[in-house]
Amino acid sequence: MSTFTIDPDNNITALVEVPAGADRSTTFSSEKELAKLIADWPISRLIDAWNSFAGAARFADLKPIKKFTSRKVAVARIWDAVQRLSGDVAEPATSVAAARAKPKKSPAKGQRRARAQKGATEAPANKKADVVAMMKRAKGATLAEITEATDWQKHTVRGFVSILGSKGGQKIESAKNAAGERSYRIAEVASGAGRGGVVAFGPLASA
């Protein structure tokens, strides 16, 4: 029978054998022992434990959840899931944490960022010049103003601003007004100043 251990970060590991001196209060070998171990846990931690491995390589069919209908259901589902680690106990230890892909970085988010930067890089030169001119105004330009003037998507604007600051050597000041509207402004950079970048700050001052 496989033995499992769960740490404070909800990483569950299958063990060949329990090491001498190990904290037995965190180990379990049956659904009953798991139920006893987590009896005092808040239901929120059970949800966190489930979501920590749902969607990982060997748990790809398991989906993150927002709630369990009961503690009994939570115990049963977690126990059924960790059984998948049992076949690996020939190794020194197999951890749910190790089975997980790199902590949750959404592929879609990365793809959107790449598309935004590509779109900004390939944008017509006249539109780029227009945006730079708008951002050099005393009050800069709002995200809405730039999208309206260029027909760019918001993520394309953000990508362009990022490239302008990181590769274009411009010092970009970024702010939100009281209504939550984002503005960008190209600040004057004194001769000999350092590299550009995007700097977040408070509401833009009036002209």
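**Exercise 1.** Which residue's side chain meets that of E145 in a salt bridge? Work from the coordinates of this predicted model, and then describe the exposure of both partners.

*Solution.* The side chain of E145 meets that of R137, with a distance of 3.0 Å from N to O. For the exposure, buried requires under 20% relative accessible area and exposed requires over 50%, with partly exposed in between. E145 has 34% relative accessibility and therefore counts as partly exposed, and R137, with a relative accessible area of 38%, is partly exposed as well.

**Exercise 2.** How many salt bridges does the structure hold? Describe those formed by D61 and by E173, and locate the partners along the chain.

*Solution.* The structure holds three salt bridges. In one of them the side chain of D61 meets that of R84 at 2.7 Å, N to O. D61 lies in the loop between helix 2 and helix 3, whereas R84 lies in the loop between helix 3 and strand 4, so the pair ties together parts that are 23 residues apart in sequence. At 34% relative accessibility, R84 is partly exposed.

The side chains of E173 and R185 also meet in a salt bridge, at 2.5 Å from N to O. This pair links distant parts of the chain, since E173 belongs to strand 6 (residues 171-176) and R185 to strand 7 (residues 182-186), twelve residues apart. With 15% relative accessibility E173 counts as buried, while R185, at 21%, counts as partly exposed.

**Exercise 3.** In which sense do strand 1 and strand 2 pair, and which way do the side chains of strand 2 point?

*Solution.* The two strands pair in the antiparallel sense over four bridges, and T5 stands opposite T13 in strand 2. Five residues lie between the strands of this hairpin, in which N10 takes a positive phi near 70 degrees. Along strand 2, I12 and A14 point one way and T13 and L15 the other way, and all of these residues are buried.

**Exercise 4.** Which residues of the largest nonpolar core touch the most other members, and which element gives the largest share?

*Solution.* The core has 27 residues, of which F4, I12, F28 and W50 touch the most other members. The elements giving two or more residues to this core are strand 1, strand 2, helix 1, helix 2 and helix 3. The largest share, six residues, comes from helix 3. Apart from this core lies another, of 15 residues, among them M134, M135, A141 and L164. As a general matter, nonpolar side chains in soluble globular proteins tend to be buried together.

Methods
Residues are numbered from 1 along each chain as its sequence is written. This is a predicted model: local features need pLDDT of at least 70, side-chain atom pairs count only at pLDDT 80 or more; totals for chains, interfaces and linings use all residues. Side-chain values use heavy atoms; hydrogens and water are left out. A nonpolar core is a set of buried Ala, Val, Leu, Ile, Met, Phe, Trp, Tyr and Cys residues joined through side-chain atoms within 4.5 Å. Buried means under 20% relative accessible area, exposed over 50%, partly exposed in between (1.4 Å probe, protein chains only). A salt bridge is a side-chain nitrogen of Lys or Arg within 4 Å of a carboxyl oxygen of Asp or Glu. Two strands pair if DSSP finds at least two bridges between them.
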